[in-house]
Amino acid sequence: MIRRRPPAEMAAAHRDGPVAAAQPHVPVLLDEVVESLNLDGGLAVDGTFGAGGYTRALLAADPALQVIAIDRDPQAIANGQALVAEAGGRLRLVSGRFGDLDALLDEAGEAKADRVVLDIGVSSMQLDAPERGFSFRNDGPLDMRMGKDGPSAADIVNEADETVLADIIYHYGEERRSRAVARTIHEARRRGRIETTAQLAELVASVVWAEPGSHIHPATRTFQGLRIAVNDELGELVRALHAAERVLAPGGRLAVVTFHSLEDRIVKQFFAARSGRSAQGSRHLPGGQAETIRSFRLVTKGPVLPGEAEIARNPRARSAKLRAGERTESETPEPLAALHALASLPEAARGGHRR
Ligand SMILES: C[S@@+](CC[C@H](N)C(=O)[O-])C[C@H]1O[C@@H](n2cnc3c(N)ncnc32)[C@H](O)[C@@H]1O
């Protein structure tokens with residue numbers, strides 16, 4: 001593995017080097033991500049620019065690397081302009097969704113990439129800004145959109161059928177009391193629109209009780225479910241994995257960091273199918289044999305987890321998992337239908353959101 005600088009030195013460059021600055025979002029598994037990408041010049045795509053933590057480290061770790069960084073949040077793009085200026089022509093910042101990664105690359109005049117990295121989820125800046133409506137800890141409008149387009153959480157909470165709400169909260173939030181939560185919301189909205197995060201958190205807390213000894217707020221799972229639905233987070237992830245598979249040059253690498261089991265299951269199954277570790281996605285040949293197209297070789301055999309020191313420094317890292325693979329020379333196989341199914345709600349919920 002070509003490592004241009006040892007991780008400690010790289011981290012120091014990341015903190016103190018010419019492209020270092022105060023950061024509101026602490027990057028998770030940073031050294032592990034950079035190492036898993038095995039940088040060697042060419043073009044890297046950071047699909048989740050956020051506060052620029054990964055992009056900054058990639059630029060610092062490999063002076064020959066060009067980076068295209070994507071984010072769907074206009075605020076992240078605006079904040080990133082300072083880093084674009086510092087990077088001396090090596091960084092292009094693109095507004096868009098990582099699910100459209102290949103189309104965005106095409107628009108930037110690039111057909112292939114050598115590295116793709118995704119750090120799934122919300123940034124601390126998004127979570128901590130009450131006006132973005134992601135958190136029940138600070139009252140704010142019930143928005144939760146990472147971009148500024150499409151229905152907000154308030155639209156879904158106030159307009160979706162009760163069964164659709166229950167499905168979102170159950171499947172994307174993994175909340176066992178989903179039906180009770182959906183019923184309570186349905187009844188409350190007859191009295192008026194639910195507009196703020198505190199209003200919703202209070203409604204949820206009236207029917208979901210904190211587990212004994214748990215510090216988790218009773219509304220955590222409901223908020224997670226709504227956030228995933230509002231931003232189509234799992235659908236975006238599935239589209240991005242397939243897009244990365246199409247754009248990566250042979251020998252190119254894909255690294256993905258996830259923060260909960262729904263996301264990790266998708267990434268794990270993708271790499272398992274594409275590296276031939278599971279039969280999913282095998283093509284059946286005449287005569288009945290199955291042929292698996294191995295489009296990736298696993299770089300990480302299992303998930304890479306943060307160490308105790310990182311978790312102590314940054315508690316948000318505690319549920320992070322990194323998986324990485326290297327693109328082989330094989331053709332790009334058919335998309336994995338099973339992954340799209342994993343990202344979708346059951347039939348009842350599809351299209352059930354009345355606008
Ligand atoms: C966890 S943060 C990334 C933090 C970044 N790695 C850093 O070190 O600063 C995730 C970012 O990805 C963005 N994002 C989430 N889903 C996206 C999507 N489908 N397309 C583009 N950006 C997305 C969010 O807006 C957020 O800024």
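## Two loop residues, one sheet and its helices

Asn38 is partly exposed, since 19 other C-beta atoms lie within 10 Å, and a buried residue needs 20 or more. The model described here is predicted. Asn38 sits in the loop between helix H2 (30-37) and strand E1. Its phi is near 45°, a positive value in a residue other than glycine.

A second loop residue also has a positive phi. Asp232 shows about 45° although it is not a glycine. Asp232 lies in the loop between H12 and H13. With 16 other C-beta atoms within 10 Å, Asp232 is partly exposed.

**The chain**

The chain contains 16 helices and nine strands. It has 355 residues, of which 47% count as buried. Take the contacts between residues at least 6 apart in sequence: 69% of them join residues at least 24 apart.

**The sheet**

Seven strands form an open sheet with mixed pairing, in the order E3-E2-E1-E4-E5-E9-E8. Strand E3 (91-95) and strand E8 (296-298) are at the edges. Each has a single partner strand, so one side of each lacks a neighbour in the sheet. On average, neighbouring strands of this sheet are turned by 20° against each other, direction ignored.

Three of the strand pairs are set out here.

| Pair | Sense | Bridges | One residue pair |
|---|---|---|---|
| E1 and E2 | parallel | five | Ala44 and Val67 |
| E2 and E3 | parallel | five | Val67 and Leu91 |
| E5 and E9 | antiparallel | six | Arg253 and Glu326 |

Val67 of E2 thus appears in two rows: it is the bridge partner of Ala44, and its own partner in E3 is Leu91.

**Strand E2**

Is strand E2 buried or exposed? Seven of the seven residues of E2 (residues 65-71) are buried, so the strand is largely enclosed by the rest of the structure. In a regular strand the side chains alternate between the two faces of the sheet. Both faces of E2 are covered. Leu65, Val67, Ala69 and Asp71 are buried on one side. Gln66, Ile68 and Ile70 are buried on the other. The chain reaches E2 from E1 (residues 42-46) by way of helix H3 (residues 53-61), and this β-α-β crossover is right-handed.

**Helices on the sheet**

Strand E5 spans residues 248-258, and strand E9 spans residues 321-327. Within this pair, Arg253 stands opposite Glu326. Helix H13 (residues 233-247) packs on the sheet and touches strand E4 (113-119) and E5. The direction of H13 makes about 160° with that of E5. Helix H14 (residues 261-274) also packs on the sheet, touching E5, E8 and E9. The direction of H14 makes about 25° with that of E9.

**A helix pair**

Helix H9 (residues 162-172) packs with helix H12 (residues 220-231) at an angle of about 105°. Their axes are 8 Å apart. H9 and H12 are therefore roughly perpendicular to each other, as angles of 65 to 115 degrees count as such. From H9, Ile168, Ile169 and Tyr172 make the contact. From H12 come Thr222, Gln224, Gly225, Leu226, Ile228 and Ala229. By class, this contact has six nonpolar, three polar and no charged residues.

Conventions: Residues numbered from 1 in each chain as written. Predicted model: local features only at pLDDT ≥ 70, side-chain atom pairs only at ≥ 80, totals over all residues. Pairing = 2+ DSSP bridges. Helix = DSSP H or I, 4+ residues; strand = E, 2+ residues; numbered from the N terminus. Axes fitted to C-alpha atoms, helices over the stretch in contact; angles between N-to-C directions. Contact = placed C-beta atoms within 7 Å. Parallel < 35°, antiparallel > 145°, perpendicular 65-115°, else oblique. Nonpolar A, V, L, I, M, F, W, Y, C, P; charged D, E, K, R; others polar. Buried ≥ 20, exposed ≤ 12 C-beta atoms within 10 Å, placed from the backbone. Right-handed = clockwise from strand over helix to strand, strands pointing away.
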